[in-house]
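Reader: I should be grateful for a close look at one part of this model. Please choose a helix and set out how its residues are placed, and then follow its surroundings into the rest of the chain.

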Amino acid sequence: LFYYDNHRARYGAQDNRRFMDGGPQVTVGELQNEIRAWADRVFPDRTMGEMLIKLREEVEELDGSGCVDPNEYADIAILTLDMASVADVNLADAVRSKMNINRRRLWRCKDNGTMQHVEGTGHEEH
């Protein structure tokens with residue numbers, strides 16, 4: 001993408017993506033803080049258990065949409081970011097840390113088609 005963006009004139013109208021139309025970019029941390037402030041105002045007495053129930057409902061709605069509705073992805077992200085805030089977890093740092101672990105793991109495909117990291121390979125950090 002970087003190459004294409006810097007050589008766009010060579011490719012002309014072949015690419016129909018829109019560039020830079022999403023407004024100012026924010027960090028995950030900024031988004032997490034924004035969502036926490038909103039949720040504190042709108043749902044001040046929310047509990048982790050209630051949010052987990054709602055998250056499960058949103059995952060079902062995403063599945064029911066055929067996994068194509070951006071609003072369902074947004075609902076899941078909003079809930080996840082708020083839950084992390086309530087738990088005092090910096091989600092951006094947690095994701096980076098977990099990805100460092102995942103990159104070192106060996107993976108296999110399970111019978112149901114999902115991926116699972118292989119235990120007992122020296123890569124089983126959590």
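Author: The account below begins with one helix and then turns to its surroundings. The structure is a predicted model. Helix α3 covers residues 28-42, 15 residues in total. From the first C-alpha to the last it reaches 21 Å, close to the 21 Å expected at 1.5 Å a residue.

Gln32, Ile35 and Ala39 are the buried residues of α3. Viewed down the helix axis, these buried residues fall within an arc of 70°, so they line one face of α3. On the other side of the helix, Asn33, Glu34 and Arg41 are exposed. The cover over the buried residues of α3 includes two further helices, α5 (70-86) and α6 (91-104).

Of these two, α5 merits further attention. Glutamate 72 lies in this helix. Although glutamate 72 is buried, it has no salt bridge. The nearest side chain of opposite charge is that of lysine 54, 7.8 Å away, whereas a salt bridge requires a separation within 4 Å. Apart from neighbours within four places in sequence, glutamate 72 is in contact with Glu58, Glu61, Leu62 and Ser65.

Leu62 also belongs to the largest nonpolar core, a set of six residues completed by Met51, Leu55, Ile76, Leu79 and Met83. The elements that give two or more residues to this core are α4 (48-64) and α5. Within the core, leucine 55 touches Ile76, Leu79 and Met83, and it also touches Thr80, with residues up to four places away in sequence not counted.

Technical notes: Residues are numbered from 1 along each chain as its sequence is written. This is a predicted model: local features need pLDDT of at least 70, side-chain atom pairs count only at pLDDT 80 or more; totals for chains, interfaces and linings use all residues. Side-chain values use heavy atoms; hydrogens and water are left out. Helices (H or I, at least four residues) and strands (E, at least two) are DSSP runs, numbered from the N terminus. The expected span of a helix is 1.5 Å times one less than its number of residues. Buried means under 20% relative accessible area, exposed over 50%, partly exposed in between (1.4 Å probe, protein chains only). The arc is that of the directions from the helix axis to the C-beta atoms. Contact means heavy atoms within 4.5 Å. Lys and Arg count as positive and Asp and Glu as negative; His and the chain ends are not counted. A nonpolar core is a set of buried Ala, Val, Leu, Ile, Met, Phe, Trp, Tyr and Cys residues joined through side-chain atoms within 4.5 Å.
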